[in-house]
There are 8 protein chains.
Amino acid sequence: MDESELRNLLENIKDNKIGVEEGIEKLKDLPFKDLGYAMVDNHREIRVGYPEVIYCEGKTVDQVKGIVEFMLTKDNNILGTRASKEMYKAVKEICPYAKYNESGRTITIVKNSKDKTESYIAIVTAGTSDIPVAEEAFETANIFGNKVEKIFDVGVAGIHRMFNKLDIIRKAKVVIVIAGMEGALASVIGGLVDKPVIAVPTSVGYGASFGGVAALLSMLNSCASGVSVVNIDNGFGAGYIASIINKL
Amino acid sequence: MDESELRNLLENIKDNKIGVEEGIEKLKDLPFKDLGYAMVDNHREIRVGYPEVIYCEGKTVDQVKGIVEFMLTKDNNILGTRASKEMYKAVKEICPYAKYNESGRTITIVKNSKDKTESYIAIVTAGTSDIPVAEEAFETANIFGNKVEKIFDVGVAGIHRMFNKLDIIRKAKVVIVIAGMEGALASVIGGLVDKPVIAVPTSVGYGASFGGVAALLSMLNSCASGVSVVNIDNGFGAGYIASIINKL
Amino acid sequence: MDESELRNLLENIKDNKIGVEEGIEKLKDLPFKDLGYAMVDNHREIRVGYPEVIYCEGKTVDQVKGIVEFMLTKDNNILGTRASKEMYKAVKEICPYAKYNESGRTITIVKNSKDKTESYIAIVTAGTSDIPVAEEAFETANIFGNKVEKIFDVGVAGIHRMFNKLDIIRKAKVVIVIAGMEGALASVIGGLVDKPVIAVPTSVGYGASFGGVAALLSMLNSCASGVSVVNIDNGFGAGYIASIINKL
Amino acid sequence: MDESELRNLLENIKDNKIGVEEGIEKLKDLPFKDLGYAMVDNHREIRVGYPEVIYCEGKTVDQVKGIVEFMLTKDNNILGTRASKEMYKAVKEICPYAKYNESGRTITIVKNSKDKTESYIAIVTAGTSDIPVAEEAFETANIFGNKVEKIFDVGVAGIHRMFNKLDIIRKAKVVIVIAGMEGALASVIGGLVDKPVIAVPTSVGYGASFGGVAALLSMLNSCASGVSVVNIDNGFGAGYIASIINKL
Amino acid sequence: MDESELRNLLENIKDNKIGVEEGIEKLKDLPFKDLGYAMVDNHREIRVGYPEVIYCEGKTVDQVKGIVEFMLTKDNNILGTRASKEMYKAVKEICPYAKYNESGRTITIVKNSKDKTESYIAIVTAGTSDIPVAEEAFETANIFGNKVEKIFDVGVAGIHRMFNKLDIIRKAKVVIVIAGMEGALASVIGGLVDKPVIAVPTSVGYGASFGGVAALLSMLNSCASGVSVVNIDNGFGAGYIASIINKL
Amino acid sequence: MDESELRNLLENIKDNKIGVEEGIEKLKDLPFKDLGYAMVDNHREIRVGYPEVIYCEGKTVDQVKGIVEFMLTKDNNILGTRASKEMYKAVKEICPYAKYNESGRTITIVKNSKDKTESYIAIVTAGTSDIPVAEEAFETANIFGNKVEKIFDVGVAGIHRMFNKLDIIRKAKVVIVIAGMEGALASVIGGLVDKPVIAVPTSVGYGASFGGVAALLSMLNSCASGVSVVNIDNGFGAGYIASIINKL
Amino acid sequence: MDESELRNLLENIKDNKIGVEEGIEKLKDLPFKDLGYAMVDNHREIRVGYPEVIYCEGKTVDQVKGIVEFMLTKDNNILGTRASKEMYKAVKEICPYAKYNESGRTITIVKNSKDKTESYIAIVTAGTSDIPVAEEAFETANIFGNKVEKIFDVGVAGIHRMFNKLDIIRKAKVVIVIAGMEGALASVIGGLVDKPVIAVPTSVGYGASFGGVAALLSMLNSCASGVSVVNIDNGFGAGYIASIINKL
Amino acid sequence: MDESELRNLLENIKDNKIGVEEGIEKLKDLPFKDLGYAMVDNHREIRVGYPEVIYCEGKTVDQVKGIVEFMLTKDNNILGTRASKEMYKAVKEICPYAKYNESGRTITIVKNSKDKTESYIAIVTAGTSDIPVAEEAFETANIFGNKVEKIFDVGVAGIHRMFNKLDIIRKAKVVIVIAGMEGALASVIGGLVDKPVIAVPTSVGYGASFGGVAALLSMLNSCASGVSVVNIDNGFGAGYIASIINKL
């Protein structure tokens, strides 16, 4: 309810077109209704084509199936993250065209495929074991309508591999760098491109990698400006932020 | 040296216009020269108006003065971060129009002021003690040519204050959220806007805030997608990333 | 044994109504007996209707069954926390009306159901995966005789959901806030209500949530006064404290 | 603005006693204004006698003086926490009856002293070095109108000292336990009383006390139910929560 | 080889009673041979009746069996710690009178049972889930020839239980206190007895107990002098140290 | 008051030799008075010659002076730990024969010097910078009446130095090992002697010594049985435990 | 491509022996191709006999098999680390002479066995449970062509065992020390030899060993110069570094 | 004293050229004297020109002066690390040709300058603030007789700078990489050279650099083999290890 709607309401009350009690009803939970509406509108925005997202971890197979069933009544695309194969099978029963990315553990249901963005997001991993997180980021960016380029396994231990791909990385509008033991990669790429770099530490590694903490700290300490960081293994978050930026 | 320049060079060698030794000179450190050039070009890019940046902490007053002296021979704006008042005084001797932001601890030297961006960066702090980091972010964003809106002291303990400013936050192209004890603020704002949010934990606080770690973790765990994080107290980094995004 | 009882005893000894040896018996473990008695009386207080509580984790199925068997000889209600389904089955054999809350992992045996309190405890969770801890808190508060209102899945990422329930939260006498990745919720609610808020971090989450540590720190740093915190996943503790306060 | 005030306003608009524009002014930031106003009044309600609270740390002497100056125009009591002696001196210039608790580092300005509560809050410390935090809790509870009993230096290393005071602890409506190296005390008292216990770890100690972390963990792990915890050194928070509970 | 032996050797060389090469042999690894011998003699000292100890964790069933087989050729008692049931079965094949403590996970083989010490070691646990560590300590102390008194489940949450047993605790020559979530117990007992107290934190617990770290820190911070600490879950170490002290 | 004293008292009451009121006085705070009294006498027993101990850190110069003044009225020796030079000067004014150990930061007042124990405590340090903690341990052990041998600067980096002193270490009844960067020393000595070893980590060191944590962990993980650990820098604790053991 | 090759190429272009386009092909990715090629050859140089290394963890059996299949087309030896038995079986199908070290979890394929170095690497472990890491280091050093001496189970708890082997340790050109609970061993050996010591902490241990962190810190704090450290459990890294040094 | 010297001595005794008492003198502390003497000579061997090393931190000015005074009576070079300017002034009084490296905080006294090694050690820093640690490493390597090349300020944020120096880094026999916020540099260089790389994390940095921990973890997780790590800020250790390797 913006100011003009408010003016309208009050004038209607003044003119006895709307009763006092009805006015109270409309006003008393203002601006919560607005807030609520805004949340729905903006957070999982209702514009056509924006997918609805389900974080499946910690939910039962039945719960996930039920949520998808409800969502299918609406016209949006659907993205399920951290979904098990069992969840996918249950979803497939009610939606035969649902797809599963086994590495990224995502369920995707595309009702209306749209044109992708012209600019693209580059998703770069240091090693092969970082790929599952990259795939989650990819499916997220993809269903949000972004063109994506994947550049995998170009860690700093063999830095020439990354240099070979530098051109494609530099031409992206946003770069996602995903690394477990080689958090250094975000730093190096951040120093070589002039685009926003979203760094994702992964829990891959052993010993003093401490489940991704070493990579997280390394990324946070990147002197190369232009690097910001999301939670360990948070491929979805990186894909989502990259999408927001890519569409600016 | 791009492919056409390379073709040119080789044809000149073939045609004896350039001697072999001269060719060796030009080629032997290729592509390092290119890389180097790219770095200079892109990382502290040489385009007119991009400031040169000095991280002053850990340098002596003389070193800072010396670096500024050298930089003044070029035509760029200059930004010194984490600069002490003593450093500023020394710089002022050789550059009377240098300015000092005492709270943000920045030295700025503007040789050629340009038009600011139309879109703006919103810099939001949870408390008054987070303002120094915000000022560093502000000076950074400002000298990089961005329009900035400051919204200070709107932490979640009095969440209505933030709601009062929500409009101005939502209309920004990028939002920087700075908080020490109330990392929650990034999470709340991330849930209310659909723009990239750069969260900066600050070392402000006592007890179990652990010098910013509590805020850092809180921000990293933000369920609200769209939030990425930089190092504790890294106002410069946030300002720089926001600038890159704001100018996309 | 208070001072008047002591006076009585000594006068009885003086008057030869009580023998010296008997007096020694009565006095030699004083005040331990008192303390002990106080513990039984106050800690798992013996007043009618107060349940006896078994922390089942780390006990064998037989041990749990044996303890319940003994407790059934007394007239109290019984609460078993962190109980496995196997434990429940064994208990059901000796007490057919025992009930099991699968999500909260509690066994409850209600011998004498009493009137609930008029004032109520609000149990609020940020996400659906925080519900098991909430259910433990609920069963605890419930068997201690409290009226409870559950408000689940109102995390700050969609803060309007919480605002929609704010009324019911504000009218509670005590509020329990349970959150894993969104410790922020305790902070936000603490700023909006003027009742004691008991915050329970949960071990739900991944990456830099560190098994509940991020939520714990976030809650401890809540600037909003009125928030105190219990151990990670300690639904029982929160329910018990809330019950003490609700009955003041 | 509660529902009856709202009804009144709308009826006045209907009856043309209040113009539409004036109504818009009053309503457009509703309920933010209410909330906001409450926030200023100690982030909570406007009841007479509730003090206004200033967290002085991180503010300049001038800022603190300025805030107090503004607050003095209103009729409330004032509490400044973490205030330096310099701040106190500056405040005293504009308010001669301001008082300073040197140990607790609080400034208190009592404009209208009220009757204290009948029930009291017990503030217990393990050692003498925990007293500053206890004094902050005391001044907070006191200016909020609570009767308080102080029991200092009764740590578990000499547990008989605590037993000597057990009666006075047990008769309190709420108990605050403050300890740095002997987090155990909260656990022991929690097992002996049936009232809410607010535990405050302090940063007092050396070596593996890690600035209060050892006490914090010890308190969080208290098996004795009934103990909840606030941030390290957070005497204000404990005093405030205890006040809320004491006045239920 | 002490100085007089050395003098003897050199005089024998001088007198040609011992050849130069033989002298070299005797001298060149001096004093390593002595040190080595001393190690065998003192560390798992060779005096009759001292058991040989095998730390079974990380060894295969066959390795454990093989080591026991070799040890059986000597005349000592044998203690295997952290032994699985499978290891026990394998050992029993070659030594039918081997015994297994299922809770403490120890294998004991007593070839020559000796009189126990007159003074005794008290082993105290806070909870029932601390008993496995207590049993390891018990078997260790027992096979080293010590009289032991067990006092289990007397945590501070019900401190009267401990007071009821205080007499038996006080009369011990050494006290072992074992606790997971209630590290406080070591502190309390340390304040009540004037004997050496060996505290063993256990990894029992959840949430902020961090696998025994909370108890460890709590114990290290015990203000009550007289408490020293061993590694988390190190029942053997506690039993061994207590035995050394008990036999002084 | 033991059982026979109690019997006596009751018989005196019975025989009218002691009045009821007098009996109440004697009994009502039993056994608290006993316990309490013991506490004052170094939290333990009242044996003649046991010093009274003041932990000076966190106390003011006046407080320390006041406590000493009171203690001087009794006939015990006095030990002040973590005392500043200022405290010492203040104490010296009222007690000219007070002594100050500048390295160990202890004040000692010996009213009645007694014979030392025949057996001795060995205090071993790894480096010279560990000596202050060793001196605190020394003064503690000394004033408690123990013979002490100091062996300083024999860290494992030059392990031969320790071997040169091994004899004197082995002949001690208890060994205190103090080390900051070389926690290894406790482990090595524990493997070479068959006496109780009390290990004290010190906060000496830089980098990954983390204020004594590295040494603490190293000591806790000592495979060599016989090593128990006290808090970082806790020279007093080590001296006190060693004294208890040395006098067994 | 070194300078002389470059000179050659340019002269060939000048002499029309090589066409411009061909020259471009050869030069445009220079020196990336060189770097890249070196990377494939074990991230380093192409010298004959250097094995190719596969880090198998996080790869599927099929992936490992596929990589080996490709590598077999070249003439190098092959080392697979962190390989499961299943991986080995799959590899054996395509390469019957592949060997598996079950303890060290390595697959080795030796196509051309070469003479070993004259100088040798000593691999020392503190305990038997550290042997798997030692075997990984051994296989690495071995397939890189180094002579190796293994000295296992000589931890400081029985330091004489190590002294008995000191000669063989001292004569090595490089020493690898591997320890989980006894990080002290690296320190002790570092003080006794004048060769580079590579320390490898292992995750073996329990309680406060924290998965190798205690050993890691202990090793980093070794005062004995000459000790450098690799990641926890990183036997391969230690073997590889030792090989580089041994071949200098 | 090696075996041939021992043989000689014994034969001299046999031949009466050396008396028994003299032989005892020479042998009785063997091999401790050898070991010990080696220790003084930097814990190692007595080769001419090896400097004596004093770790000055934690010593008084007088102590440092005294140690140097004693050392000057011998013919060795002297290195004092972590020395304050005051220490240097005191040393200069007794040794006018002592030199002070203000950045590296080292005192060096060169009595006999020798030829440097032909091969050299490369010391590389990421930033200018890492230079003090580099200077300590330099002075160490230098006084041990090594040729050194310094390459400062070539962090990955401007990776082209490092590539420009890659040749000089690759030609070194050992490489020391020193970095605070850019631990990544060790990883990158480790991937580009085939020489041993000693990585030194520095405590330079802010926020989540945690006093060097982030760099330490980053370096430990370097996938690039060939990198081993020393303690944070341990320039001496790195210089010493590099010297050992450079002289192999």
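A salt bridge is a side-chain nitrogen of Lys or Arg within 4 Å of a carboxyl oxygen of Asp or Glu. The legends below describe close-up views of a predicted model.

**Figure 1. Salt bridge between A:Glu136 and A:Arg82.** The side chains of these two residues, A:Glu136 and A:Arg82, meet with an N to O distance of 3.6 Å. The pair joins distant parts of the chain, 54 residues apart: A:Glu136 belongs to helix 6 of chain A, whereas A:Arg82 lies in the loop between strand 2 and helix 5 (85-94) of chain A. Over all chains, the count comes to 42 salt bridges.

**Figure 2. Interface of domain 1 and domain 2 of chain A.** Domain 1 spans 31-109 and domain 2 spans 117-246. In this interface, 18 residues of domain 1 of chain A are in contact with 12 residues of domain 2 of chain A. The area buried between the two domains is about 1,200 Å², and carbon and sulfur atoms give 59% of this area. A:Arg82, A:Asn101 and A:Ser103 supply 31% of what domain 1 of chain A buries against domain 2 of chain A, more than any other three residues.

**Figure 3. Polar features and composition of the domain 1 side in chain A.** One salt bridge is found across the interface of domain 1 and domain 2 of chain A, and three residue pairs are in polar contact between these domains. On the side of domain 1 that touches domain 2, strand 2 (78-81) and strand 4 (106-109) of chain A are the elements that give two or more residues. By class, this side of domain 1 holds six nonpolar, nine polar and three charged residues.

**Figure 4. Aromatic pair of A:Phe144 and A:Tyr240.** The ring centres of A:Phe144 and A:Tyr240 are 5.3 Å apart and the planes stand at 70°, so the pair is edge-to-face. The two residues are 96 residues apart and link distant parts of the chain. A:Phe144 is placed in the loop between helix 6 (131-143) and strand 6 (147-151) of chain A, and A:Tyr240 in helix 11 (residues 235-246) of chain A. Over all chains, the structure holds 36 aromatic pairs.

Conventions. Residues are numbered from 1 along each chain as its sequence is written. Chains are lettered from A and ligands numbered from 1 in the order in which they are written. This is a predicted model: local features need pLDDT of at least 70, side-chain atom pairs count only at pLDDT 80 or more; totals for chains, interfaces and linings use all residues. Side-chain values use heavy atoms; hydrogens and water are left out. Domain bounds come from an automatic or database domain assignment. Contact means heavy atoms within 4.5 Å. Buried area is the accessible area (1.4 Å probe) that two parts lose on being put together, summed over both. A polar contact is a pair of N or O atoms within 3.5 Å; within protein, one must be able to donate a hydrogen and the other to accept it, and residues adjacent in sequence count only if both atoms are side-chain atoms. Helices (H or I, at least four residues) and strands (E, at least two) are DSSP runs, numbered from the N terminus. Ala, Val, Leu, Ile, Met, Phe, Trp, Tyr, Cys and Pro count as nonpolar, Asp, Glu, Lys and Arg as charged, and the others, Gly among them, as polar. Rings of Phe, Tyr and Trp (its six-membered ring) pair if their centres lie within 6.5 Å; planes under 30 degrees apart count as stacked, over 60 as edge-to-face and the rest as tilted.
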